[in-house]
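Please look over the fold shown below before reading on. The text goes from the overall layout to a few side chains.

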Amino acid sequence: MTVSKISLDSLIDFNQPSLYYSLGMIYFNPLFWNIVARNEYHHKWISSRVKNPYTGCYILAATIFSLGLFRDALYTKALKDQPVFDMLPAPYDVIVPAVLVAVGQIFVISSTWQLGITGTFLGDYFGILMDEKVEAFPFNILSDPMYVGSTLTFAGGALWHKRPAGLFISAIVWIVYSIALTYEGPFTNEIYAKRERERALKAQKSS
């Protein structure tokens, strides 16, 4: 295919319902976990029912993980329904996506390892706070390695399957994550700032 014959329709098929199912789930997941987590923080909706904040956090973690698997399945289906286009010459069409997925998964897995289940899956909102800020890899090179790693994995999958639509979806993933971070970052920072204020007040009263 020559450059002169390339059109948007030959790269992305916007008539495929699976494309919108995939995008819908990508939008839904961060919205879901932010709404549920904030409701838990303010009203203890989950932990009050299971009588334990750790159990509540594990339930939310399992839910978020399951939704992530469903999102990934929809993404895979969307890729299969999209036009194939050779975006990279051999052997880079194998090397580049493999590296992107590998690096992405390293970021995701190492982030989870450093934070643990409760640190990864919004334990802060359940009152399960970490003793100190994690600054080991990958947090020493990225402020949000899990979101970066997830986006790289999406992009790697798009290049591996040779679907330009996958890169379009990957860009949407990053935009959605970036929007989510504008809510999650300040809110989480305030949770820890509140703890420090309470500690300072307690220390002042005991002195």
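From the N terminus on, the order of elements is α-α-α-α-α-α-α. That makes seven helices and zero strands in the protein. The model is a predicted one. Along the principal axes, the C-alpha atoms fill a box of roughly 75 × 35 × 25 Å. Among contacts with a separation of 6 or more, 84% are made by residues 24 or more positions apart.

Of the 207 residues in the protein, 38% are buried. The exposed area of the protein is about 12,100 Å², and 66% of that comes from carbon and sulfur atoms.

Turning to the aromatic side chains, the count comes to seven aromatic pairs. One of them joins Tyr125 and Phe187, which are stacked at 5.3 Å centre to centre with 10 degrees between the planes. This pair links distant parts of the chain: Tyr125 lies in the loop between helix H5 (92–120) and helix H6 (145–160), while Phe187 belongs to helix H7 (residues 164–206), 62 residues apart. Are these two rings buried or exposed? Tyr125 is buried, because its relative accessible area of 1% falls under the 20% cut-off. Phe187 counts as buried too, at 14% relative accessibility. Together with Tyr41, Tyr125 and Phe187 form one aromatic cluster.

The surface offers another grouping of side chains. Tyr92, Ile95, Val99 and Val103 make a nonpolar surface patch of about 340 Å². Val103 is in helix H5. With a relative accessible area of 31%, Val103 is partly exposed, and it can therefore be part of a patch, since patch residues need over 30%.

Note on methods. Residues numbered from 1 in each chain as written. Predicted model: local features only at pLDDT ≥ 70, side-chain atom pairs only at ≥ 80, totals over all residues. Heavy atoms only, no water. Phe/Tyr/Trp six-rings, centres within 6.5 Å; stacked < 30°, edge-to-face > 60°. Helix = DSSP H or I, 4+ residues; strand = E, 2+ residues; numbered from the N terminus. Buried < 20%, exposed > 50% of the residue type's maximum accessible area, 1.4 Å probe, protein only. Patch = residues over 30% accessible without salt bridge, like charges linked within 9 Å, V, L, I, M, F, W, Y side chains within 5 Å. Areas by Shrake-Rupley, 256 points an atom, 1.4 Å probe, with all protein chains shown as cover. Salt bridge = Lys/Arg side-chain N within 4 Å of Asp/Glu carboxyl O. Contact = heavy atoms within 4.5 Å.
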